[in-house]
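Morning, everyone. I have one structure to walk through today. Take a moment with it on the screen.

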Amino acid sequence: MIKKTIIMAIAVLLTISLLYAQPGKYITVSGKVKFPPPKEHQEKFPFLLQKRTGDDVKIIDTIRLKADGSYSFKVNTSKPDLYELDVYKWDQITFWANKENLKIDFRGQDTAKVVIKNPPYVFIEGGDENNLINQVNFIYYRNYQNTIDVSRLHYEAKMKKDTVLAKELDSFMWKLFDDMDERIKLLVKMNSTKPQVLYALNFISPRKDKALIASTLDKLIKLHPWLTTAKVQRENLAKGEAIAKKTAIGSPAMDFTQNDVNGKPVSLSSYKGKYVLLDFWASWCGPCRAENPNVVKAYKKYHEKGFEILAVSLDDKKDKWLEAIAKDGLTWTHVSDLKGWKNVVAQMYNIRAVPSNLLLDKDGNIMAKDLRAEELDKKLGEIFGL
């Protein structure tokens with residue numbers, strides 16, 4: 001009897017151990033890259049599965065294409081979450097991994113004669129769980145295409161010296177971005193209980209829409225306590241609020257030192273005695289490049305009267321950074337640590353979107369924020385009496 005009891009106990013323990021030893025849940029993600037880049041490019045910039053937590057990116061897997069350009073891999077979904085695919089630096093997509101197998105096709109390398117950064121829309125197939133991400137991406141994609149068209153017309157108007165049309169197109173450009181913000185905010189409100197809404201929150205401003213972001217994150221944390229990403233975003237929002245107090249109008253700008261294009265260190269404090277525009281931008285940022293002509297105009301108009309610009313780039317490739325500086329005629333001082341969104345100065349000032357700027361007075365105090373186009377010219381006109 002004792003022997004039988006022992007055998008039964010061992011059987012129960014084995015059953016329990018087998019249950020706990022079962023592998024986690026998985027989904028399959030598959031698809032095809034229509035135009036794979038050359039092997040040397042693939043080796044330098046591989047096809048990566050990544051997971052982002054705040055500003056930290058962890059590489060989960062390196063994906064290899066088959067001879068026909070197709071791929072397939074599995075994702076552990078024991079803890080459902082957002083993942084990213086970085087496709088040889090040509091394409092990038094974020095997807096929600098939980099219950100549904102997914103199919104995601106990419107164009108790959110741009111085969112056009114004139115290569116420009118004009119990525120195609122990437123659709124995530126497989127079910128309803130990625131619908132919100134598809135909707136956000138489509139809104140962003142359509143805005144990107146529209147701003148390319150408006151930028152082209154704006155350039156043509158400037159070449160023809162049609163200042164009235166150029167001014168109207170510049171104003172229309174910002175209306176397009178405002179329209180995109182409103183559309184995404186509507187999606188956030190409509191999907192505030194879904195964990196996938198975390199992706200949409202990345203497309204709205206933590207400055208202008210702090211209350212909406214905070215309330216959405218609080219709701220997600222309460223409904224989905226396992227969702228670590230929401231907790232990290234809530235912590236980052238709290239850090240941002242603390243930094244916002246340090247960068248309020250009238251506060252002294254926090255000093256920093258970063259290297260310029262020649263590797264020479266430049267400190268913000270060295271600009272004391274001048275009115276300074278601390279300008280955060282990047283070569284890959286369409287709105288930044290669209291705004292640059294206005295900044296150039298302001299610099300030419302007020303520089304001799306004591307106006308300076310110190311530009312901090314969120315680039316991670318020096319050649320693209322230098323190329324944009326030259327092409328846009330940005331003749332002021334530029335600094336960067338080439339760490340992209342992890343730029344130390346950008347994190348110090350909690351820059352979550354570009355373009356962003358702060359106007360400093362002669363004592364280094366913040367007197368205005370995010371001045372664009374006419375706003376910048378008007379403010380400088382008040383300062384210098386023009």
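Let's start in a loop. Asn-350 sits between H10 and E15. Its phi is near 55 degrees, a positive value in a residue that is not glycine. Most residues other than glycine have a negative phi. Keep in mind that this is a predicted model.

Stay with that loop. Pro-355 is also found between helix H10, residues 344–348, and E15. Which way round is the peptide bond from Val-354 to Pro-355, cis or trans? The bond is cis, with omega near 5 degrees. Most peptide bonds are trans.

There is another positive phi to look at. Leu-338 lies in the loop between strand E14, residues 333–335, and H10. Phi of Leu-338 is near 55 degrees, and Leu-338 is not a glycine. Is Leu-338 buried or exposed? Neither: Leu-338 counts as partly exposed, because its relative accessibility is 28%, and that class runs between 20% and 50%.

Now back to Pro-355, which is one of the residues lining the largest cavity. How many cavities of 30 Å³ or more does the structure hold? One. The largest cavity has about 50 Å³ of space. Its lining is Asp-279, Trp-281, Cys-288, Glu-291, Asn-292, Val-295, Pro-355, Asn-357 and Leu-371. Two elements give two or more residues to that lining: strand E12, residues 275–281, and helix H8, residues 286–302. H8 gives the most, with four residues. By type, the lining has five nonpolar residues, two polar and two charged.

Next, Asp-361. It is in the loop between strand E15, residues 356–360, and strand E16, residues 366–369. Where does its side chain reach? One partner is the backbone nitrogen of Asn-365, at 2.8 Å. The backbone nitrogen of Asp-363 lies 2.9 Å from a polar atom of the Asp-361 side chain. Leaving aside neighbours within four places in sequence, Asp-361 contacts Lys-274, Tyr-275 and Met-367. Compare Gly-340. Gly-340 is 21 residues from Asp-361 along the chain, and their C-alpha atoms are separated by 28 Å.

Gly-240 gives another pair of distances. Gly-240 is in helix H7, residues 228–246. In sequence, Gly-240 and Arg-352 are 112 residues apart. In space, their C-alpha atoms are 9.3 Å apart. Why does Gly-240 count as buried? Because its relative accessible area is 8%, and the cut-off for buried is under 20%.

One more aspartate. Asp-181 is in helix H4, residues 163–190. Asp-181 has a relative accessible area of 15%, so it is buried. Not counting residues up to four places away in sequence, Asp-181 touches Phe-203, Ile-204 and Lys-208.

Last, zoom out to the chain. It has 11 helices and 16 strands. The C-alpha trace spans about 100 × 50 × 45 Å along its principal axes. Of the 386 residues, 43% are buried. Take the contacts between residues at least 6 apart in sequence: 64% of them join residues at least 24 apart. The chain exposes about 21500 Å², and carbon and sulfur atoms supply 55% of that.

That's the tour. To recap two spots: the cis bond runs from Val-354 to Pro-355, and Pro-355 also helps line the largest cavity. Questions, please.

Terms used: Residues are numbered from 1 along each chain as its sequence is written. This is a predicted model: local features need pLDDT of at least 70, side-chain atom pairs count only at pLDDT 80 or more; totals for chains, interfaces and linings use all residues. Side-chain values use heavy atoms; hydrogens and water are left out. On a 1 Å grid over the protein atoms alone, a cavity is a set of points where a 1.4 Å probe fits but cannot get out, and a pocket is an open set with protein on both sides within 12 Å along at least five of seven lines; lining residues have an atom within 4 Å of a point. Grid points are joined across faces, edges and corners, and a volume is the space filled by probe spheres set on the points. Ala, Val, Leu, Ile, Met, Phe, Trp, Tyr, Cys and Pro count as nonpolar, Asp, Glu, Lys and Arg as charged, and the others, Gly among them, as polar. Buried means under 20% relative accessible area, exposed over 50%, partly exposed in between (1.4 Å probe, protein chains only). Contact means heavy atoms within 4.5 Å. Accessible areas come from the Shrake-Rupley method with a 1.4 Å probe; for residues, only the protein chains shown count as cover. A polar contact is a pair of N or O atoms within 3.5 Å; within protein, one must be able to donate a hydrogen and the other to accept it, and residues adjacent in sequence count only if both atoms are side-chain atoms.
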